[in-house]
Every structure is written in structure tokens, then in C-alpha cells.
Amino acid sequence: MKRAIEIIRSPHAGYCFGVKRAMRLIEQGLADYGAPIYTLGDVIHNPPEVERLRSRGVRSVASAAEVPEGGVLVLRAHGVHPDLLREAERRRIRVLDATCPFVQRSQQFAGRFGEEGRRVVIIGDPEHPEVRAVAGHAGGGALIVRNPEEAAVVGPLDRAGVVIQTTFPRDEAEIVIRALRGRISDLLVNDTICEATEARREAALALARRVDIVLVIGGRNSSNTRRLLEVCAGAGVDSRLVESPEEIDPSWFDGIERIGITTGTSTPDWLIDAVLARLDAIPRETP
Ligand code: SF4
């Protein structure tokens, strides 16, 4: 007798709060000012959704200099360097600020540490736009460390304040903080990790333990999507990153009983539905 393969969806899937807010602002910008409107870099790390927005007149630019004077610029959830805001004001660019409030919190802590004369240390990926923007708010001279090896060569310093990239795994951040404590005598830490991403990772791990394969739907350029993939693969389950439904290979499901579905924080519902529709179209029975 054959049994249908079960699909189990993580309770934490689809846009997070900050991305939902950013997408609402984009819609509002299009409705209020008409196309084109501009975003600095891709507004979210999800190529199919970026493509859909492009077809509606949302243009991704590399710098504010590419936005015409008087144009509309939406700041993405990762936030921007304060220099960009100054340039936008000078060129009378209308700014819709979609910086996630959790990222704004990091920026404020970094600014405050800088004003107090503390060296700002950011735990995170130096290439990530959020981290670069937070470093800008620190007023210059911020140190960025992403692992205990880098922390071990900091300083030594008298006074420093730590903020953490919102999507950084908490267990890894704690190891880096321990290494920093050995190098900095007076160290204040503000835990700026976003609970939404922590909860998503925990749910993905619980899901991975219940299924035979996990599909992580999201952009390859999305760091939180790649982290989810690592978490699921780390649980010893076959884990696949799926950017679009066409990538799904029916042979992945040979002889399996349960498929788990989770997504990065910037994966739209329409893409999740398209993946589920693709799974529905594949004969899903196990002997
Ligand atoms: S992951 Fe967290 S910090 Fe980042 S945009 Fe979403 S809610 Fe905001």
C-alpha cells in the first residue's frame, strides 16, 4: 500500500515583521508617488520578489547619486549609513525609512556608546549592509568581529560597548563576547539580536528532527536563509535551499515520508504557495 507524503510547514515562515513593514512602505510609495521609486541595493534578499518589484517600477540603485533630485528613495530594513541621509537631504530626495525598528535600536546603542567615549565593537559580518550602517552610526572607528579568533586580537582596550548584528546566532555571539572580555576591561554588551530570527532557527531545528527532507525557501544571497539551511543540515537531515519552484527535483522525495518547509525572513507568501503547488504537482507517494 502507498501512503501520501506529508508536508509540514514551520510555524515561522514568510516575511518577518521588519520585512513586512518595508514591503508596506514600498507599496505606499508606489501608491502615493507612482513609479519609479528607488531602493538602495535590493530592498530584500530574495531575487524572485526583487524581480517582481522591478516590473512594477521599483529600481535598485548602488548609491543615492543615482536617484534623481526630488525622487523617492526607500531605505531598506537593514538601514543605511548616516552620510546617505545627509546626501538625500541635500539633494531633496524624499526618503521613506523602512529601517527595521530592531536595527534602529542597534544604531542608537552604537551612537550612544560612541558619545560616551566607548569603542564600539559590532559582532557580525563586516560585509553585511546592516553592520556597515550600524558602524556608520557609531561615529567612526567601530571594530567589527565575527568570531572568537578575531576577538582574540582586539585591543587591549579600556572601555568598549558591544552591539550584535540582529541575525547573528546567539550561541556564537556568546563565544565571541567571552573572548572580548579577556581583551577589554570595561565592556558593556547590548544584546541586539532579533528574536524573530532566533525563533525561526529554533523552529527549523525542531522541524528538521521530524522530517526526512527540509526545503528552505529563500534567496541564496540571504544570510538568514543560508543559516537556516546550516541549522537543518546540522541536524543530519537532507536540506535543500530552494530559490524558485523550478529548482525542485522530484527525485529528492524518493522513499521519504515527510517534507519540512521553512523560509528565510524575506520570502514572500506567493513564493511559498508556488513551491507548495509544485510539490502538489509531483506524484508524492511513498511505497
Ligand atoms: S530579521 Fe528581525 S531585525 Fe531583521 S528585518 Fe526582520 S524583524 Fe527586523
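Two strands pair if DSSP finds at least two bridges between them. Keep that rule at hand for the tour of this predicted model.

**Stop 1: the strands around β5**

Select residues 72-75, strand β5. Now add strand β6, residues 94-97. β5 and β6 run parallel, and four bridges join them. Click Leu73: its bridge partner in β6 is Val95.

Next, add strand β3, residues 37-40. This strand also pairs with β5 in the parallel sense, over two bridges. Here the bridge partner of Tyr38 is Leu73 in β5.

Are the faces of β5 covered or open? Show its side chains. Val72 and Val74 lie on one side, Leu73 and Leu75 on the other. All four are buried, so both faces are covered.

**Stop 2: the domains**

Colour the protein by its domain assignment. Domain 1 comes in two pieces, 3-14 and 196-286. Domain 2 is 17-100, and domain 3 is 102-193.

Look at domain 1 and domain 3. Their C-alpha centres lie 32 Å apart. Six residues from domain 1 and seven residues from domain 3 make the contact. On the domain 1 side, select α8 (195-208) and α9 (223-234). Each of these helices supplies at least two residues there. This side of domain 1 has three polar and three charged residues, and no nonpolar ones.

**Stop 3: the cores**

Select Val121, Ile122 and Ile123. They belong to the largest nonpolar core, which has 55 residues, and they touch the most other members. Then pick helix α4, residues 101-115. α4 gives the most to this core: five residues. Why does the core lie between domain 2 and domain 3? Because both domains give residues to it.

Zoom in on Ile122. Beyond its neighbours within four places in sequence, its contacts are Val131, Val134, Ala135, Ala142, Ile144, Val163 and Gln165.

Move on to a second, separate core of 21 residues. Val214, Leu228, Leu229 and Val242 are among them.

**Stop 4: the ligand**

Which residues are closest to the ligand? Select Cys16, Gly18, Cys100, Thr166 and Cys194. In total, 14 residues surround the ligand. Nine of the shell residues are nonpolar, five are polar and none is charged. Helices α1 (17-33), α4 and α8 each supply at least two of them. α1 has the largest share, three residues.

**Stop 5: Val237**

Go to the loop between α9 and β12 (238-242) and click Val237. Is Val237 buried, exposed or partly exposed? It has 18 C-beta neighbours inside 10 Å, so it counts as partly exposed.

Add Ala208. Val237 and Ala208 are 29 residues apart along the chain, yet their C-alpha atoms are separated by 6.3 Å. Val237 is in contact with Ala208, and also with Val211, Asp212, Ile213, Val214 and Cys232, leaving aside neighbours within four places in sequence.

**Stop 6: backbone details in loops**

Select Ala35 and Pro36. A cis peptide bond joins them, with omega about -5°. Pro36 is in the loop between α1 and β3.

Now select Gly155 and Pro156. They too are joined by a cis peptide bond, with omega about 5°. Pro156 is in the loop between α6 (148-151) and β9 (157-164).

Last, find Arg92 in the loop between α3 (82-90) and β6. Its phi is near 50°, a positive value in a residue other than glycine. Arg92 counts as exposed because it has 9 C-beta neighbours inside 10 Å.

Terms used
Residues numbered from 1 in each chain as written. Predicted model: local features only at pLDDT ≥ 70, side-chain atom pairs only at ≥ 80, totals over all residues. Domains from an automatic or database assignment. Contact = placed C-beta atoms within 7 Å. Nonpolar A, V, L, I, M, F, W, Y, C, P; charged D, E, K, R; others polar. Core = buried A, V, L, I, M, F, W, Y, C linked by C-beta atoms within 7 Å. Buried ≥ 20, exposed ≤ 12 C-beta atoms within 10 Å, placed from the backbone. Near = placed C-beta within 6 Å.
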